[in-house]
Amino acid sequence: QAQLIESGGELVQAGGSLKLSCAASGLTVSAHTMAWFRQVPGKERAFVAAISRKEYGDSTLYADSVKGRFTISRDNAKNTAYLQMVNLKPEDTAVYYCASGPLLEKNPIEYGFWGQGTRVTVSS
């Protein structure tokens, strides 16, 4: 059974940085698109970033709201995906979820495996 475990979320001040990790077991991150979504109470899960599987050249896709501030990456040797976040804003506060799927997509329906989430809180 595939499992994704996120970590790295915490309370940070606006302007600060965090790096989220998504450790995978039961699946190979290089063979899947890996993505990050986020969700706040009362709202739908929103796309943040994705990186395509290795055979598709590690292409990346970002939500407009995080372009230039967030970077998605993958360490195939550690079988882990990451989300580096800099210049954090209070509106980035959310639970961040890692997901894996076959294609580079923004729609959460396209992702079959999900982690349990890690909470990021950005104070103003």
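Two strands are said to pair if DSSP finds at least two bridges between them, and strands here are DSSP runs of E with at least two residues, numbered from the N terminus. By that criterion, strand β4 (residues 33-39) and β5 pair in the antiparallel sense over five bridges. The model is a predicted one, in which local features need pLDDT of at least 70, side-chain atom pairs count only at pLDDT 80 or more, and totals for chains, interfaces and linings use all residues. Residues are numbered from 1 along each chain as its sequence is written, while side-chain values use heavy atoms, with hydrogens and water left out.

**Strand β5 and its partners**
- Because five of the six residues of β5 are buried (under 20% relative accessible area, 1.4 Å probe, protein chains only), this strand is largely enclosed by the rest of the structure.
- On the β4 side, M34 has I51 of β5 as its bridge partner, and in the hairpin of β4 and β5, with six residues between the strands, G42 takes a positive phi near 85°.
- β5 also pairs with β6, in the antiparallel sense and over three bridges, and here the bridge partner of A50 is L61 in β6.

**Positive phi outside glycine**
- Most residues other than glycine have a negative phi.
- D58, which is not a glycine, has a positive phi of about 55°; it lies in the loop between β5 (46-51) and β6 (60-62), and D58 counts as partly exposed (between 20% and 50%) at 34% relative accessibility.
- N87, likewise a residue other than glycine, has a positive phi near 50°, is placed in the loop between β8 (80-85) and β9 (94-101), and is partly exposed with a relative accessible area of 42%.

Definitions and conventions
Helices (H or I, at least four residues) and strands (E, at least two) are DSSP runs, numbered from the N terminus.
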